[in-house]
Amino acid sequence: CSRMFPNERYYALRGLEMPEPDYARISKAGRPSSAVYKEGMRTYPGFALMAFAALERSGAMPFLTEVFGETKAQQIAFLATHFCAGYTSTEDLPLHSVIHNVLKGAQGLTGQGASELLASGIRRDKISAFFDRWIPLAAGHDTAAYDVTALPTQARRIVEAEYGYTHGGPSLPQVNYALFSNTVTGMPLFYEHYSGSLSDKTSLLKVMDTARSHGFEGVKVVMDRGFASGDNIDGLTEMGIEFVMGVPCTFKEVKAKLTEFGKKSFLPFSSRVTGLRHDGTVSEE
């Protein structure tokens, strides 16, 4: 641990040009990749060490141990650091788990063992119990950023993988993931996955309601215009959630609501709306 090796993050951090990978050696999406990178572009365990230090300092480890038991908690922590180090599969897991691993519960964890753990060893009720403990600690009363992404997959056993609203990925079935992050610390607070056939707008209130069931209260939420709809604005208001949401200026429902807000004497209309043009300048209207 006395020296660090460069990888993709190193080049980004230092503002250096990253060497090009040999794309001829990369297999099709969803299959094991045998990509060969040029010197300095490999992944190394120094980043796993930093990821584990962040995990320890966050206060998450005691909750993981309490909910999952010591051995399984260490395996979960180990897998998290494995992927944080830049690995995209469990292909190099045996080497990593034997040589670069201080977590006894994860010593010698194989790719098959990791797959079984991820597929059936981490029960949904246990994840829920972890969030019950984690969210109140990690969220505090800060502002949370909210967004969604999608994971395309060729795996046939993933129930929620469906063709849907792809986020720039290949034409594959996908699973959608919603994520809340603390905007002050950058720590993830809560995630939820849902069917690839559901749009961002359709999923918002369901995900928000699930987060609230785990103690996600008193936190302002910031989200982009992809979630803007009259139903979502009404739903968030009824839930008592304070939020900042980007909306198109042509959104009639939002204009009507803002006009109603502007009639309230304690807060003038002008302080609630900013018209931002595409070039970054502010509209006089």
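pLDDT is the predictor's confidence in each residue, on a scale from 0 to 100. This is a predicted model, so that confidence is a sensible place to start. Across the chain the mean pLDDT is 77, with 76% of residues at 70 or more. Broken down by element, helix α3 (residues 60-68) comes out highest, with a mean of 94, while helix α1 (residues 8-14) sits lowest at 68. Residues 1-6 have pLDDT below 50, and that stretch makes nine contacts in the model beyond near neighbours in sequence. Another such stretch is residues 22-42, where pLDDT stays under 50 and the model has 31 contacts beyond four places in sequence.

On to the strands. Strand β1 (residues 143-152) pairs with strand β2 (residues 174-182) in the antiparallel sense, through nine bridges, and here Val148 stands opposite Ala178 in β2. β1 also pairs with strand β4 (residues 220-223), this time in the parallel sense and over three bridges; Ala145 faces Val222 of β4 in that pairing.

Then there is a helix pair, α8 (residues 200-213) and α9 (residues 230-239), whose axes come within 9 Å and cross at roughly 15°. Because angles under 35 degrees count as roughly parallel, α8 is roughly parallel to α9. The crossing of the two is right-handed. On the α8 side, the contact involves Lys201, Leu204, Leu205, Met208, Asp209 and Arg212, which meet Asp231, Asn232, Gly235, Leu236 and Met239 of α9. By residue type, this contact of α8 with α9 splits into five nonpolar, two polar and four charged residues.

Methods
Residues are numbered from 1 along each chain as its sequence is written. This is a predicted model: local features need pLDDT of at least 70, side-chain atom pairs count only at pLDDT 80 or more; totals for chains, interfaces and linings use all residues. Side-chain values use heavy atoms; hydrogens and water are left out. Helices (H or I, at least four residues) and strands (E, at least two) are DSSP runs, numbered from the N terminus. Contact means heavy atoms within 4.5 Å. Two strands pair if DSSP finds at least two bridges between them. Axes are lines fitted to C-alpha atoms, for helices over the stretch in contact, and angles run from 0 to 180 degrees between N-to-C directions. Angles under 35 degrees count as roughly parallel, over 145 as roughly antiparallel, 65 to 115 as roughly perpendicular and the rest as oblique. A crossing is left-handed if the near helix is turned anticlockwise from the far one by less than a right angle, and right-handed if clockwise. Ala, Val, Leu, Ile, Met, Phe, Trp, Tyr, Cys and Pro count as nonpolar, Asp, Glu, Lys and Arg as charged, and the others, Gly among them, as polar.
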